[in-house]
Amino acid sequence: MGRLITTLLLGSKKLQTRRTCRGLAWVFAILAGVTLAAASAHAASRLAEFLPKVQVAELVPGAEKLGPLQGEPPVAPAYNTAGQVLGFVYLNADFTNAVGYSGKPIHLLVGIDQKATVTGIRLVDHKEPIVLIGIPEAKVVAAMNKLIGRDIGAIASGAEKPPQVDIVSGATVTILVMADSVVRSAVRLVRSGRLSGVAATATTAAPAQVRQVDTDRSEIRSWEELVGDGSVRRLSLSVGEVSQAFARAGNAEAAGNAETGRAEDSFIEMFVAPVSVPTIGRSLLGDEAYTRLRERLKPGQQAILVAGDGAYSFKGSGYVRGGIFDRIELLQEGSSTRFRDRNHTRLGAMEAAGAPELREIALFVMPEDFRLDLAQPWQLQLLVQRNVGARDKAFLTFELDYDLPEQYLRSTPAVAPTAAPAVVAGASAARDALDQPLWQRIWLANSLEIGITIAGLLVLTAIFFFQDALVRRPRTYVWIRRGFLLFTLVWLGWYANAQLSVVNVVTFTNALITGFNWEFFLAAPLIFILWAAIAAALLFWGRGPFCGWLCPFGALQELLNNLAQWLKVPQVKIPWALHERLWPIKYIIFLGLFGLSFYSVALAEVFAEVEPFKTSIILKFSRDWPFVIYALTLLSAGLFVERFFCRYLCPLGAALAIPGRIRMFEWLKRWPECGSPCQRCAKECPVQAIHPEGHINVNECIYCMHCQELYYDDHRCPHMIQVRLKRERHDALASPSMKSGGALPKAPYADRNRVAQTPAAPHK
């Protein structure tokens, strides 16, 4: 099997030439797409595409026709037979982010009248796997219809809280995202002042005093003091209290299906505190962790700590599967937000004196598009679920109110507006910010991360272009490589969560088939930049730049193996005959996942868990124990066999190796003696990418450049040793002592012995 796949991958020279031409066409097409991405993102809204799929009366009762699109983002006015405007129809994704579990936008047409009341909702396009292959779409739509009739104007002004829809068991994340996008988009439409029956929710008169967090007040306080004055708020529920709540809601089956057998057992003990307030943050996190948090937060951005214990987890498992913490939601003045795994940091303990040991402690940073005003009250809502029958679940919500104690606040005189034009200009600027595409706001909000990542890519490019000069200084090069791997692991991986995955390949391919949208891919700036850089690097170096330098999990494997070698852990050398039959496994895994994605993208994503990337990099091992054990097993194997996972199991490495064959340049140099008789490079290659006959298998090469260090080393490479000896002999003959009749010095014994003992090529 190994030789068969090798033959298919390598092929004849003519076949390689034809493949190279076709491959180049594909790569240039990808690069052209990357270059034109910004232009594509400015494409017209899909509202006009979806409007013909519905009857206008379904969205705005009493309406007979739709008028031409107005404004940006566009809305379509709905008219009755007399020509009166009864309301408007818009697309949720034009106003707010609506990316669901699938990683693709969920498109909903929303009808709203001129008094800011939702009049109709229609699901017109989605790629949610759980809805496509499991839960009936009608059930999802029925849950969303609970929003019809809600007064968005009251929500936009903060007079009412965002409404809660009925949760559909098995599609929690999808329902929450859809409901949030409808409410959030309607609020933004109302606040923009584009509904003639509702005034824009802009403040016309400034209050006499403005309350702000007093950042100058900073002290260390005990847990008892923090809880006592309300700095830390607590929600305590027993199993019996939750059962009674389900009974009052009319769900007797859920009430009888308690988590434990005793009603007095703790269901959840949940604590909440804003740790971006100096005193609270220093007390709960400690000075060092608080300082790191302040450096991480952008101006105006806040962070909260949520801790819990008991039979129920406030984290749940939604963040493991879809990256969303679906059991908690933060609400303030009609707006709400949920946290994703990129907003989360797992904490082991709280530093305040007397703080209890709790099972779950999490630090959440507010998403970029949500501004939490700590001077105003806010709530953390807990979604409680219980099994009902074999598959269904029942849901309830409990709220934990938070109002920052006055001791942490200070009042400053408000600056009154000087003139009406300033108010108009401010409102115009607000509308411009609202109309800005989501991906642009994300890129602007992450400008620092983008700059650091691009700088890292430029450094890596310089390393590759000046590799000859670097590898001539092995010690310097080794530390440069280790430093870059540390940057990849800590910055790209654990901090920025920019770990690429075979899921990206599957999603990209599926998007090309089902309807490509650049805006979804642009919504993750670092992932987009890395893929664009890797697409360009395929032309020069194949898969090596990513697998050997830019993969956080690969960096983790190599750094751990370096540590293991320093600790004298024995290294296992896989026999070549077995090695060449093991490395095709990753190609088989990739082809299996790729083929499965055409049947079901959701199923392919489940099997893509063969990659331990999410467990070890994205979630930092904060996951269910089977996933953690799997990741640790692979890392343990890598202590004895360097980059074990990269060599034999990584489907993403296989996906990149196939187009990597089209590279146009040969940067790795070889001597005629390489492979026959010399085997030194082949034996010392960390991933055994060099065949016994001497050629480098670019499909397996991670571009660590160890062979290039040997190539120039005149004390380890037999060819260079001979060159050095000849040079030394020539210099000796040209010396004044030789000219006067001195004896010719012999080659050092060690060098002669090294050349003599160079192993011969294996017999074929």
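1. Cys547 is buried, at a relative accessible area of 6%; buried here means under 20% relative accessible area, exposed over 50%, and partly exposed in between (1.4 Å probe, protein chains only). Its closest cysteine sulfur, in Cys650, lies 6.1 Å away, too far for a bond. Cys674 is likewise buried, with a relative accessible area of 14%, and its sulfur is 5.3 Å from the closest cysteine sulfur, in Cys681, again too far for a bond. The structure holds 0 disulfides, a disulfide being a pair of cysteine sulfur atoms within 2.5 Å.

2. The model is predicted: local features need pLDDT of at least 70, side-chain atom pairs count only at pLDDT 80 or more, and totals for chains, interfaces and linings use all residues. Residues are numbered from 1 along each chain as its sequence is written, and side-chain values use heavy atoms, with hydrogens and water left out.

3. The largest nonpolar core (buried Ala, Val, Leu, Ile, Met, Phe, Trp, Tyr and Cys residues joined through side-chain atoms within 4.5 Å) has 73 residues. Phe546, Trp549, Leu550 and Leu652 have the most contacts inside it. Helix 24 (residues 525-541) supplies the largest share of this core, 7 residues; helices are DSSP runs (H or I, at least four residues) and strands likewise (E, at least two), numbered from the N terminus. A second, separate core of 63 residues includes Leu284, Leu347, Val365 and Tyr402.

4. Asn80 sits in the loop between strand 2 (76-79) and strand 3 (85-91). Asn80 counts as buried, at 14% relative accessibility. Its side chain reaches the backbone nitrogen of Gln84 at 2.8 Å.

Conventions. Polar contact = N/O pair within 3.5 Å; in protein donor to acceptor, adjacent residues only side chain to side chain.
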